[in-house]
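Good morning, colleagues. I should like to take a few minutes to present one structure, beginning with the chain as a whole and then moving to particular helices.

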Amino acid sequence: MEQKNLRKTAGGPLYFGLAAALFLVVDTILQSGVTTALMNAQFAARGINVTLPPAFTAIGSVIGLLIYPGIFLILLLVSVNRPKRGTAFCIVWAVLSGLTVFSGIANLFIANTAIAQSEALTNQLVPGGYPLVAGLSLAGSACILISCILLLIRLNKPELPEAEPAADIDDTADQVNP
């Protein structure tokens with residue numbers, strides 16, 4: 001049976017994964033009020049007389065965080081001390097985070113009324129405005145992408161053999177004192 005090429009995620013991939021989780025959690029916290037206000041504004045524009053409580057959007061935000069970056073971070077943490085991650089893990093998460101980075105950059109340059117409304121609300125409700133929120137989201141997704149790239153580089157390098165502990169040899173016991 002063929003031996004799989006698996007590696008530990010300790011070091012750079014883990015640190016970038018932790019940074020990604022931090023950036024995306026802060027981004028989600030900053031966007032929570034904006035999301036509620038945006039949904040209420042969209043309902044009002046359609047003539048629907050409903051006001052969503054902030055807890056409603058918070059539940060969606062928590063579920064979103066459990067999926068991205070939650071699953072990624074859990075898989076990274078599980079394989080810190082044992083080689084458990086291979087090429088498939090890196091490719092799947094690199095594609096997902098690459099698409100997220102691409103769509104985030106595209107949203108910065110595409111003129112859309114929904115994006116413009118979101119930008120205006122973010123600028124009003126978040127102290128750093130839309131550039132801060134967009135930057136945190138892009139930084140989080142970019143960190144996941146970098147983590148996957150570092151792990152792919154590690155997978156393509158030959159694995160170094162584990163260092164064996166030196167034998168404890170006491171040569172002085174065999175010598176005879178004159």
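**Overall architecture**

From the N terminus on, the elements of the protein chain follow the order α-α-α-α-α. That is 5 helices and 0 strands. Please bear in mind throughout that this is a predicted model.

Some global figures come next. The protein chain has 178 residues, and 29% of them count as buried. Its exposed area is about 11600 Å², of which carbon and sulfur atoms supply 66%. As to contacts between residues at least 6 apart in sequence, 79% join residues at least 24 apart.

**Helices H1 and H2**

Let me turn to a pair of helices. How are H1 and H2 oriented to each other? Helix H1 covers residues 12-45 and helix H2 covers residues 54-78; they pack at an angle of about 170°, and their axes lie 9 Å apart. Angles over 145 degrees count as roughly antiparallel, and H1 and H2 are therefore roughly antiparallel to each other.

On the H1 side, the residues making this contact include Pro13, Leu14, Leu18, Leu24, Val25 and Met39. On the H2 side, Phe56, Leu65, Tyr68, Pro69, Phe72 and Leu76 are among them. By class, the residues of the contact comprise 16 nonpolar, 7 polar and no charged.

**Leu24**

One residue of this contact deserves a closer look. Leu24 has its place in helix H1. Is Leu24 buried or exposed? With a relative accessible area of 7%, Leu24 falls under the 20% cut-off, so it is buried.

What does Leu24 touch, leaving aside residues up to four places away in sequence? Its partners are Leu65, Tyr68, Pro69, Leu136, Ser137, Gly140, Ser141 and Ile144. Of these, Leu65, Tyr68 and Pro69 belong to the H2 side of the contact just described. A further distance concerns Gly70, which is 46 residues from Leu24 along the chain; the C-alpha atoms of the two are separated by 10.0 Å.

**Helix H3**

I close with helix H3, residues 87-109. Its 23 residues reach 33 Å from the first C-alpha to the last, close to the 33 Å expected at 1.5 Å a residue. Which residues of H3 are buried? They are Phe89, Cys90, Trp93, Ala94, Ser97 and Val101. These buried residues pack against H2 and against helix H5, which covers 129-156. H2 thus appears twice in this account: in the contact with H1, and as a packing partner of the buried residues of H3.

How values were computed
Residues numbered from 1 in each chain as written. Predicted model: local features only at pLDDT ≥ 70, side-chain atom pairs only at ≥ 80, totals over all residues. Heavy atoms only, no water. Axes fitted to C-alpha atoms, helices over the stretch in contact; angles between N-to-C directions. Helix = DSSP H or I, 4+ residues; strand = E, 2+ residues; numbered from the N terminus. Parallel < 35°, antiparallel > 145°, perpendicular 65-115°, else oblique. Contact = heavy atoms within 4.5 Å. Nonpolar A, V, L, I, M, F, W, Y, C, P; charged D, E, K, R; others polar. Buried < 20%, exposed > 50% of the residue type's maximum accessible area, 1.4 Å probe, protein only. Areas by Shrake-Rupley, 256 points an atom, 1.4 Å probe, with all protein chains shown as cover. Expected span 1.5 Å × (residues − 1).
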